[in-house]
Structures are given as structure tokens and as C-alpha cells.
Amino acid sequence: MAYRPSKQFRKTALGAGVAAVLLALNAPAALSFAGDTYHSYKIGRSSYRIQYGSWGLIDLPAEYRINAMHAALLHTGKVLLIAGSGNNQRNFDKGTFSTVLWDPKDDTFKKIPTPEDFFCSGHSQLPDGQLLVAGGTARYEVLDGKVTRAGGGMRVKNESPDKAVRLAKGTVFRSPSGVEYVSKFDVTVPKATRRFEVPYGSGGRMMPWKTEVVAAEARVFVEAVQEGAGGLTTQAAQYAVAGLTGKDARDVYGLAERLSADKQDFQGIKSAYEFDPVAEKYVPVDPMRDARWYPTLVGLQDGRVLAVSGLNDVGDVVPGDNEYYDPRTKKWSKGPFRYFPTYPSLFLAQGGKLLYTGSNAGYGPKDRGREPGVWDLATNRYRKVGGLADPDQLETSSSVLLPPAQDQKVMVLGGGGVGESRLSTARTAVVDLKEAEPVFRPTARLPQGVRYLSSVLLPDDSVFTTGGSADYRGRGASDIRKAQFYYPRTDTFVAAASPTVGRNYHSEALLLPDGRVATFGSDPLFADKDNTRLGRFEHRLEVYTPPYLYRDAALRPVLGAGPGEVAPGSRATFRAPRAERIERARLMRPSAVTHTTDVEQRSVELGLEKTADSVTVTVPVDPTLVPPGWYMLFVTDADGTPSVARWIRVREVPAPAPRESRDGWLS
């Protein structure tokens, strides 16, 4: 008798057949679903997490989703996310500027009133825990072909030694032929200076009846009142200030070399603020002497901050006028003159000199200010440091002072060609600043060429690198969703779990006090491989949990009560259950990062002594190794498992009171 399948079997078989046909018709989707399911299963296993770590998205309420351009960890444990206008001209035109404070302990958020456009500002941690924020955006760029009115920089002269002159935004400058230009910002021109003649052989006696008046000068950006070619100029000319008469009209005037319809770059502001982490608000301080957009602010051993580079108030790269900020006086003073492209990576080295790695974020010519070197601020001497492969691909590269800081080794990772270049490099290199003639030497290569790589120091003396893209601003769907650890002692990269979110231009990453790494932002040009759909700013916040946090939690080192402040060269004792397991102690300076530039972070090795239930750490005496300010104190066991950090402030060494020089700068 022939076998007859049951009715139920026939239904099942028919369903399986239909499923097979559907599977064949939709094979890519089905395989993708199966692959995603398996991937989720694999990365969720404890054995995977112990080896590679894991990523998790933070639930970010819609009202707190901002274009995070800047990220800084504060000594309260909270993270300040600054957008300003967020690379959005509509926000700029409306005066809508944003800052959000995130508390990683409970994933709560708070909006912070933002007084000015801090988009593309600079920032630095101050000795008392305030965050200095300086510069930002005065005007958005106007691209080639979009400029309807001729414009450019106007040098405003004042020949009166009796008074300064303030010209409000909207002041009209008139050319000899009657063409009018209007200023786009307020400008104040100091009073002129008198120079008295001192004849040779007079014993230093001045002759007040023989004087020379030296005109004072300030810059302002102007635009033609009328659209079209009528406002274009190609020759230098003197411009009268409308509304001034008599002596004022003779004393105050404008000079311009050329007013054109060429691309008009972003322009910076002079404003400076301290963000107070306790009061959670911005507090204004004296403005900088130069407007700056894309500046680097680097903290120094005496607690001062050096502001370097940036685009000024007429859209030019600041030609080399750098300045110091003193947090004691809240004032700025003149710094050594040296030119750098925007957002240069400058690291405080032992002895007080600065290392420029060549890493930068863009603006500036290809052949100027690009070579790495050691800069002596006291003498303004600059010694070039060679040895880098792909030296033409340092733009958008990452740089870190490798742990521990006492080793004085600085690493450069990846980077790309100048401007909108498609070039990217997998090159890494390290320079040892303890050598008599420092030179970069090649180290282990990255898995592929990458721009905008984020590099974060971890408490176990590794460097966690993540994100970036192979092409300019992630063009061609070139975001690199990979992460890896770099181990300086063995010069090796080891794979980590892959992030969900791609990160390129305008992205940030930083270490949290619990040992995790938080990532923010990304501003791709396009959203697809064919570059046909415009990109959107990435608002998702993703946090990486390293493998060391998946080890036995009961054995994780713990730091208990201890002092909140310590002097250079002194000791501090903390309660520590199971102190016998603790092997190392590190002071880690909190990040203030933007545009792949983080010159704040450093990891300092501490002397360590143990008792049965406590540890005593010794802080190095050298403030060029440990600049004053707040640090995270981590202790780790032999496997590199860190404690949760305790915040501790390293006091600054007292400095002499500043003096005011003849030109009005403090020195």
C-alpha cells in the first residue's frame, strides 16, 4: 500500500515550500536578518564581552538632541556637550545656541543657557576646575558662486592720540569713487601713540616739540551696500567713514587692498567664558585680543592657557599672534609669535616646551605651519622633528601623549590630505622626547587608512581608538565602524567590539570616571554610497564598556575615602579594601575634545605604597608632567582592571603677580 502523507504533514510541507520560495526570492534580506540575529547573539555572550567589550546606546530624549561639536568631562563627573549654532546657519541667524550637560551616573540631561555661538571654539581645563571656552563663530562662510556682494577685510586707522574710537556694526565706509561698504561687526580702534624724538648725545632727554604720531589699527569685515560687480576692487584705497566730520574725519579712515566676490570664510569671535561646573553656567571673562574660530587652547604648567591659531574676524588664519590667559586675573597677555594651521595639536612636554605633532583640523595653506616640531615658548625657538611617513596626510589625524606621561612619547595616528582630499593613511608613528634629537619612528599600522580617528587613554595604559572614515567627512559611506586597542609596550593593535554608530567630522570620544568611553557627534557630507543624499548630524550617544569591566566585579579594585586635594611632590592616602591586589595608580586628566583634537588628556604614573586596607600615592613634583587642575585617580590590579575613579585636585605652584607693559598687555 502506497504511503499517503497526513493532512497536517501536507500543510507543513506546503508551508515549508512556500517559505523556501520566499527565502530564495528574498535571500539577501533573509541572510541579513539571520546575520544580524547571529551577530546580536554573539556579541551578547559573556565570553565575547570579556574579550572585546561591548557598546550600548544611551536613551537621549528628543529635547536634548543637539549637534555636539565639543565635549568636556567636568570634575563633577558630568559631561558638557557644546553645539553653539551646531554648523547650522538657520540656528545662527536665529541666535539659537545650545549646550547640554549629561550625567553618566544616571543618564540625565540638562539644558544650559548659551550666551554666544561657541561653534568651533577652543577649550581647556583650568586649575580650579572651571572650563575655559574661548572663540567661536561670528559669521558663517559664503561659498564660491554664492557671494552676491563684494567684501573683505578693512583696516581701520585712528591717528588721534587723544581718544579711542568705537564704530558700531553698520558703519559705512566710502571709497574715493563713492562706492559704499558697510561693516558687519562693532570695532574699537585704540588711540594713536606719540613717539618722542630722543636725539643722539642728549643723554636720553626727550624733545616733546618733536614728536611722531603712530596710528592705531583694528580690523573689521565689510560688504558692499549694493549687489553685483560695482563693489569689486583690485587696488589699495583709503576709505572715508560716513558721518565723521572735521578732525575726526581726518583721523579715522579705512584701508583695504582688495574687496572681492571670492569665497568668504567663517569668521571668529573674541569672546571668552569660564564654565562653572558647580553653578552649571557660563561666566564671562575678558575677551581675547584676536578673534579665533578653530583655535587650540593648551594648558601650561603654571596654570595659564595658551590660545593658538584660528580664523580671525575677517576670515584669515591668525598670522601668528598667540596669547596667554591667566585664570587668576581673568585677563589675556601677549604670547610668542608663531604661525600654525587651525586646531593644531600641541602637547605640554617635560621642561615646559610644547610639541606640535603636525596634526590639525584644516584651514591654512599646504606649505606653511605643517611640519612637526618642539616649540620653546620662553625663547620662541622651534626645532623641527622629522621622520613621519605620509607627512602630507596629517590633517584630521589623531595625536596622543602615550601613557604614562613620564615616558614622554607622543603618537600620531592616521590622517588625510589637506582640504577635501580623498587621501587617508594607516600610518602611525611615535616620537620619544627624551632623545637628544627627537624623531618620529614608525609603529604598528592601523587596520586601514582613517581620518577623524578618536583616540582615548585608558587606565590600564592602553589607547582605545574608534571610528573615523576613509574619505573626507565620510563621503561614499566610508565611515569605519571598527575599534581597537593600542598597547604601547608591545606596539600592537588588538581588535575591540565594533560600534553601532559611524563617527567622522565633528565627532568626539572621552574617558568617563567609571572606566567606560563615551562617543558623540558626526557630521557626514552625504548619507549614501553614491553621495546623492545629504547627510544629517548624528545625535546618538554611544558608550563603550571595555573588557576589563566584564571581569569578576567582586575582585575589582576599590578606592575609598581620602583627600580631595594634593600638592605637587606630596603623598595622599586612600582607604582600599583588598589593597594587596592593587598594582598601579594613575592620575588621568579629563578630556576637552573637538575636531579630533584633545591636548588635555594625559595619564601620569604615581608612586604606590600599600597596607592591608589602604594605598598611598605620591604625585610627581614636576608641574610640566602634572599641570595643576582636577584629575581622575584610578588604581588597577595586575590585569589592568581599574577602580572607579576618585576626583583629586593637584594644586598649582604659586606664581609672581603679572605686570602691565607699555602696550597694554599683561606680562
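Start by selecting Glu395 and Arg370: both of these residues are buried. Keep in mind as you click around that this is a predicted model. Show the two side chains as sticks and you'll see that Glu395 and Arg370 form a salt bridge, with 2.9 Å between the closest N and O atoms. Now colour the surrounding backbone. Glu395 sits in the loop between β29 (381-384) and β30 (398-401), while Arg370 is in the loop between β27 (354-356) and β28 (373-376), so this pair ties together parts that are 25 residues apart in sequence.

Next stop: Arg540 and Glu538. Here is another salt bridge, again with the closest N and O atoms 2.9 Å apart. Switch on the surface and ask which partner is buried and which is partly exposed. Glu538 is the buried one, at a relative accessible area of 16%, and Arg540 is partly exposed at 37%.

Now jump to Arg651 and Glu565, whose side chains meet in a salt bridge at 3.2 Å, N to O. What does this contact hold together? Arg651 is in the segment after β49 (646-650) and Glu565 is in strand β41 (residues 565-566), so the pair ties together parts that are 86 residues apart in sequence. Leave the surface on for a moment: Arg651 is partly exposed, with a relative accessible area of 36%, and Glu565 is partly exposed too, at 36%.

For the last selection, pick Arg155, Lys157, Glu217 and Glu257 together. These residues are linked in a network of salt bridges.

Want to keep exploring? A search of the whole structure turns up 41 salt bridges.

Notes
Residues are numbered from 1 along each chain as its sequence is written. This is a predicted model: local features need pLDDT of at least 70, side-chain atom pairs count only at pLDDT 80 or more; totals for chains, interfaces and linings use all residues. Side-chain values use heavy atoms; hydrogens and water are left out. A salt bridge is a side-chain nitrogen of Lys or Arg within 4 Å of a carboxyl oxygen of Asp or Glu. Helices (H or I, at least four residues) and strands (E, at least two) are DSSP runs, numbered from the N terminus. Buried means under 20% relative accessible area, exposed over 50%, partly exposed in between (1.4 Å probe, protein chains only).
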